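I opened the notebook to record how one sheet is put together and what packs on it. The entries follow the order in which I looked things up.

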Amino acid sequence: MSTPTGPASGLPVRMPRPRQPGRHRRPEPLVAPEDAPALVLAVPGTPSSATRSLADEVISIARSELPGLDARIGYLDGDDEFPSLTSVLAHAAEERTARFEQARAAGMDIKEPDGTVAVVVPLLAGPDSSLLRQVRQAVMDSRVAAELTDVLGPHPLLAEGLHVRLSEAGLARADRARLFTVATAADGIILASVGGDEAVQAAGITGMLLAARLAVPVMAAALDQEGSIASVAEQLRGSGSQQLALAPYLIGPEIDASLIEEAAKEAGCSAAEALGPYPAIGKLALAKYTTALGIAPQQAQSTPAH
């Protein structure tokens, strides 16, 4: 039985393991650089409890990859319950100034903070000019020195996420190396994006990576262009695909989920879920942040955060 001062006599005491020397030495845990800019996730669409849960999970993944990371969530259509991107950026700047004032009052000799206050990462798989304009306007309205990154895709990790979502819906084999079949596996995939022609082209790059994983044809189409989904479905069937599936190249909050259902009906096929809080989303958001700062995660400070 333990006592207030430690384990009872006779019980083994867990001691810290000595660090291994040389190349077998384990790296120190990585933490965010001291007083680094905040990572602010810009979340599109109408805020909801489901959207908040998704954004929280993405932020949690990013923090787990880089402990000490100051990560926040700002909504493009924010309200009293869901803080807007503009207000989150302004608050980050106020807190940074307050920390400086407190340090100076404590007699610390530090320079007044300047430079980038936040790095804004749009929660978008592909380019959507309309939503990105909203993000830029929100950054301008905040009057804060913030850097806006590119969207998350195209990227091989997004192809992986699409594969997982299709397999979860029974529309693709989870692993082509295994000798089993999925009766409902699709032999043609419609990759549904939003953002017009530019978004379709970007989705097509990830689509090629997905096609390599599944060994079936994949074609991108626009959910926000009338007739695009039906046209691509017709092309796939004309090339020999008989059983199609729709894979949303979306995180989730960008559009009303009913549009995905309508598109699947239009194409006469089943649909997988949107990417959602797939672990790769948080990792890609962090990668955009570290790239904007000109650092790699392994270059972050290895000293504990205070």
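Which residues of E5 lie on one side and which on the other, and are they buried or exposed? I was working with a predicted model, and in it I found both faces of E5 covered. Gly-188, Ile-190 and Ala-192 lie on one side, Ile-189, Leu-191 and Ser-193 lie on the other, and all of these are buried. The count for the strand agrees, since I noted 6 of its 6 residues as buried.

Next I looked up the sheet itself, which is open and has 4 strands in the order E6-E5-E7-E8, with parallel pairing. Strand E6 (218–222) and strand E8 (270–271) stand at the edges, and because each has a single partner strand, one side of each is left without a neighbour in the sheet.

I then went through the pairing of E5, residues 188–193, which is joined to E6 by 5 bridges, the two running parallel. On this side I found Leu-191 with Ala-220 of E6 as its bridge partner, and Ala-192 standing opposite Ala-221 in E6. As for the connection, I followed the chain from E5 through H5 to E6 and noted that this β-α-β crossover is right-handed. Towards E7, E5 is again joined by 5 bridges, and these two strands also run parallel; here I noted Ile-189 opposite Ala-245.

What packs on the sheet, touching E5 and E6? I found that this is helix H5, residues 196–214, whose direction makes about 150° with that of E5. Helix H4, residues 156–168, lies across E5 and strand E7 (244–248), and I recorded that H4 runs at about 130° to E7.

My last entry concerns His-163, a residue whose place is in helix H4. Why does His-163 count as buried? Its relative accessibility is 5%, and the cut-off for the term is under 20%, so His-163 falls in the buried class. I also looked for what a polar atom of its side chain might face, and found the backbone oxygen of Arg-173 at 2.7 Å from such an atom. Leaving out residues up to four places away in sequence, I listed the residues that His-163 touches as Ala-172, Arg-173, Ala-174, Leu-210, Arg-213 and Leu-214. Arg-173 therefore enters my notes on His-163 twice, as a residue touched and as the owner of the backbone oxygen at 2.7 Å.

Technical notes. Residues are numbered from 1 along each chain as its sequence is written. This is a predicted model: local features need pLDDT of at least 70, side-chain atom pairs count only at pLDDT 80 or more; totals for chains, interfaces and linings use all residues. Side-chain values use heavy atoms; hydrogens and water are left out. Two strands pair if DSSP finds at least two bridges between them. Contact means heavy atoms within 4.5 Å. Axes are lines fitted to C-alpha atoms, for helices over the stretch in contact, and angles run from 0 to 180 degrees between N-to-C directions. Buried means under 20% relative accessible area, exposed over 50%, partly exposed in between (1.4 Å probe, protein chains only). A polar contact is a pair of N or O atoms within 3.5 Å; within protein, one must be able to donate a hydrogen and the other to accept it, and residues adjacent in sequence count only if both atoms are side-chain atoms. A crossover is right-handed if, with the strands pointing away from the viewer, the path from the first strand over the helix to the second runs clockwise.
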